[in-house]
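Me: I am new to this structure and would like a close look at a single part, the sheet. Please set it in the context of the whole chain.

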Amino acid sequence: MSSLALLQALQATLDLLRTLERDLTAFPPDLAQAEAEAKALQAQVDKVRAAMVQVDKPRAQLQAAYDEAKKIETSTRAHLKDMQQQIPFAEAMKAMGEKERAVAAAAKPLRELDALVAIRRKELEILEPKLAEAQARFEAGHAAFLAAHENQVLAKAQQETKRAELWAQLDAGLRPRVERLIQQRQGRVLVPIENGICGGCRTKLRSQIITQTREAADLVVCESCQRYLFVP
C-alpha cells in the first residue's frame with residue numbers, strides 16, 4: 001500500500017474515532033454534572049497536594065536548622081554544668097542565652113510552616129472523601145452509559161486496533177510529522193483539494209502544487225497549514 005493510501009485509510013480511521021469519541025462523551029445532564037463535580041473536587045485536591053509539596057523542601061531546611069540549633073544548645077547546656085565552679089561561668093551563661101535564642105528563632109518559622117501543613121491536611125481530610133464519593137458516583141453512571149452504548153464502544157475498540165495496524169505500516173520517517181499534525185491540526189492529517197483550495201486551511205493553492213498533487217508519486221503538503229494533500 002502506498003504512503004498516500006495508508007494516510008487515506010489512517011485519516012478515515014481518525015475521523016471515525018473522533019465521531020465515536022464525541023458520541024461516547026456526550027453524557028446526559030446528570031452524568032455530565034457528576035463528571036464536573038468529580039473534576040472540580042480533583043482540581044481542589046491537586047491544588048492542596050501541590051501546596052503541601054511546595055513546603056516540603058523549605059520545611060526540611062527549617063527542620064535541619066532547628067535540629068542543628070537544638071544540638072548546639074544541648075551541647076552548650078551540658079558544658080555549662082562543668083563550668084559552674086569556674087571563672088568563665090558568666091561568659092558561658094551568655095553563650096547559653098545566645099544558643100537558646102537561636103533555637104527559638106529556628107523554631108518559630110518551623111511552627112508556622114507546621115501549622116500551615118496541618119491546615120492543608122485538614123483540607124485533604126475533608127476533600128478526599130468527597131472526591132472518592134463523587135468519583136464513585138460518576139464511574140457507576142459512566143459504566144451504565146457505556147453499557148447502553150455497547151455498539152459504539154465495540155466500534156471504537158475495533159478502530160483503535162485498525163489505527164495501530166495502519167500506524168505500524170506507515171514509513172518510520174513519516175510518523176513524527178504525522179503525529180505532530182494529529183496533535184496540532186485536530187486530527188486532520190490529509191485533506192482534499194477543493195476547487196483549487198486546501199480542504200484544511202481554505203488557502204488558495206498554487207497551480208504547481210495542484211499539479212504536483214495530481215501527478216506526483218510522493219506526498220505533497222499545503223504550504224500554509226502543512227497538511228498532506230490529495231485530489232479526490
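Reply: Read from start to end, this predicted model follows the pattern α-α-α-α-α-β-β-α-β, so that the chain holds 6 helices and 3 strands. In that pattern five helices precede the first two strands, and another helix stands between the second strand and the third.

The 3 strands form an open sheet with the order E2-E1-E3, and the pairing within this sheet is mixed. Strand E2, residues 197-198, and strand E3, residues 228-230, stand at the edges with a single partner strand each, so one side of each has no neighbour in the sheet. Strand E1 covers residues 190-194 and pairs with E2 in the antiparallel sense, over 2 bridges. One residue pairing can be picked out here, since Ile-193 has Cys-198 in E2 as its bridge partner.

Around this sheet, the chain as a whole has a radius of gyration of 33 Å, whereas a compact globule of 232 residues would have one near 17 Å. The C-alpha atoms fill a box of roughly 105 × 45 × 30 Å, taken along the principal axes. Of the 232 residues, 28% are buried, and the chain exposes about 14,800 Å², with carbon and sulfur atoms supplying 54% of that area. Among contacts between residues at least 6 apart in sequence, 69% join residues at least 24 apart. As for charge, the chain carries 34 positive and 31 negative charges, and the mean positions of the two groups are 5 Å apart.

Methods
Residues are numbered from 1 along each chain as its sequence is written. This is a predicted model: local features need pLDDT of at least 70, side-chain atom pairs count only at pLDDT 80 or more; totals for chains, interfaces and linings use all residues. Side-chain values use heavy atoms; hydrogens and water are left out. Helices (H or I, at least four residues) and strands (E, at least two) are DSSP runs, numbered from the N terminus. The radius of gyration is taken over C-alpha atoms; the globule rule is 2.2 Å times the number of residues to the power 0.38. Buried means under 20% relative accessible area, exposed over 50%, partly exposed in between (1.4 Å probe, protein chains only). Contact means heavy atoms within 4.5 Å. Accessible areas come from the Shrake-Rupley method with a 1.4 Å probe; for residues, only the protein chains shown count as cover. Lys and Arg count as positive and Asp and Glu as negative; His and the chain ends are not counted. The place of a charge is taken as NZ of Lys, CZ of Arg, CG of Asp or CD of Glu. Two strands pair if DSSP finds at least two bridges between them.
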